[in-house]
Amino acid sequence: MPRTLIPYSTLLETGEQVRVREVTPADRSLLLTGFAQLSDRSRYLRFLAAHPSLSEAELDALTATGNSSHATIGAERQGADAIEPLGIARYIRLRPEDNIAEIALTIVDHAQGLGLGSILLGTLIRHAVANGIREFVALVHAENTAMRALLRRLGAHEGLPDYGQIEIRVPIGPPGSKEAAALAGSLADAYQRAVMG
Ligand SMILES: CC(C)(COP(=O)(O)OP(=O)(O)OC[C@H]1O[C@@H](n2cnc3c(N)ncnc32)[C@H](O)[C@@H]1OP(=O)(O)O)[C@@H](O)C(=O)NCCC(=O)NCCS
């Protein structure tokens, strides 16, 4: 049985409350709203190429119900009239026979630098380890200082840049493991708050 995240609320560095939960097939329009708020640079850093729109296949993948091989975790806040999407984090197991998953994070530009990437990454780790993943791998643009800083705090192993891209590998572990004990600050906080059902 795949393990799923119990939704929870937490605070950004601004003191604003955000809700963290798994993305579901009902979230297509929220994802499109969030994508519309990404700058060209954020889209480029996320997709490692110009990416003016999300295809139907990408929307299908991002909103597919999570299972033991993939999940998308989203963060949102209650706006004046509607729910506002703030960011998503995704992992996908690379091969069914092993325990390595590729990850990607996307925070809307106006919410970057407020600790949300750390909150989503800590939550993503908790989800992934509960479903048997023991290593994350990310393909990161060499100029992506924020993502590199985030992964460095997890004890990441950076490969050599190849055409401006770096493969970054990060060991992750369940509560009580040395990998979990090494988490600090908002990453550790999110890891602890993210309870799996
Ligand atoms: C990369 C990204 C996910 C980080 O999320 P975030 O919410 O902005 O990050 P946080 O606020 O949690 O900060 C994470 C770290 O990055 C640093 N950081 C944040 N913004 C930064 C910036 N503009 N320049 C340099 N460092 C930055 C923070 O100081 C923090 O470092 P620390 O842990 O050593 O203190 C987000 O900026 C983003 O979505 N960027 C565009 C898409 C992208 O690059 N996705 C990654 C694809 S693999």
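This is a walk through a predicted model, going from its sheet to its helices and then to the shell around its ligand.

Let's begin with the sheet. Eight strands make up an open sheet, and reading across it gives the order β1-β2-β3-β4-β5-β6-β8-β7, with mixed pairing. At its edges sit β1 (8–11) and β7 (157–158), each of which pairs on one side only. Starting from the β1 edge, you will find β1 joined to strand β2 (residues 17–22) by four bridges, and the two run antiparallel. If you would like a landmark for this pairing, take Ser9, whose bridge partner in β2 is Arg19.

Further into the order comes strand β4 (residues 83–93), which makes a good place to pause. On one side, strand β3 (residues 70–78) runs antiparallel to β4, and nine bridges join the two. Within that ladder, His70 stands opposite Ile92 of β4. The connection between them is a hairpin, with four residues between β3 and β4. The pairing with strand β5 (residues 100–107) is antiparallel as well, and here β4 contributes to seven bridges. Gly87 marks one spot in this pairing, with Ile107 of β5 as its bridge partner. Once again a hairpin makes the link, this time taking six residues to get from β4 to β5.

How much of β4 is buried? Eight of its eleven residues are, so the strand is mostly covered. Ile83, which is found in β4, shows a contrasting setting: Ile83 is partly exposed, because 13 other C-beta atoms lie within 10 Å, while a buried residue needs 20 or more. Leaving out neighbours within four places in sequence, the contacts of Ile83 are Leu30, Glu76 and Gln78. Of these, Leu30 is 53 residues away along the chain, yet the C-alpha atoms of Ile83 and Leu30 are separated by 8.2 Å.

Now compare a residue in another strand. Ala138 lies in strand β6, and it is buried, because it has 22 other C-beta atoms within 10 Å and the cut-off is 20 or more. Which residues does Ala138 touch, not counting those up to four places away in sequence? They are Glu102, Ile103, Ala104, Leu151 and Ile168. Ala138 also has a C-alpha to C-alpha distance of 8.6 Å to Ala101, a residue 37 places apart from it in sequence.

The helices are next. In an α-helix there are 3.6 residues to a turn, so residues three or four places apart point the same way. Helix α1 (residues 28–36) has Leu31, Gly34 and Phe35 as its buried residues. Looking down the axis of α1, these fall within an arc of 100°, so they line one face of the helix. They pack against α3 (56–63) and β4. The face turned away from this buried side carries the exposed residues Ser29 and Ala36.

Helix α7 (residues 185–193) can be read in the same spirit. Its buried residues are Ser186, Leu187, Ala190 and Tyr191. Viewed down the axis of α7, they fall within an arc of 140°, so they too line one face of their helix. Their packing partners are β1, α4 and α6 (178–181).

What about helix α4 (residues 116–130) itself? Here 15 of the 15 residues are buried, so α4 is largely enclosed by the rest of the structure. Its length can be checked too: at 1.5 Å a residue, its 15 residues should span 21 Å, and this agrees with the end C-alpha atoms, which are 21 Å apart. Just after α4, Gly132 adopts a positive phi of about 90°.

The last stop is the ligand. It is surrounded by 23 residues, the closest being Leu45, Gln112, Gly117, Ser118 and Ala146. The elements giving two or more residues to this shell are α2 (40–47), β5, α4, β6 (135–141) and α5 (145–152). Which element gives the largest share of the shell? That is α5, with five residues. Sorted by class, the shell holds twelve nonpolar, nine polar and two charged residues. Two elements met earlier return here: α4, with its 15 buried residues, and β5, a hairpin partner of β4, both contribute to the surroundings of the ligand.

Notes. Residues numbered from 1 in each chain as written. Predicted model: local features only at pLDDT ≥ 70, side-chain atom pairs only at ≥ 80, totals over all residues. Buried ≥ 20, exposed ≤ 12 C-beta atoms within 10 Å, placed from the backbone. Pairing = 2+ DSSP bridges. Expected span 1.5 Å × (residues − 1). Near = placed C-beta within 6 Å. Nonpolar A, V, L, I, M, F, W, Y, C, P; charged D, E, K, R; others polar. Contact = placed C-beta atoms within 7 Å. Arc of directions from axis to C-beta.
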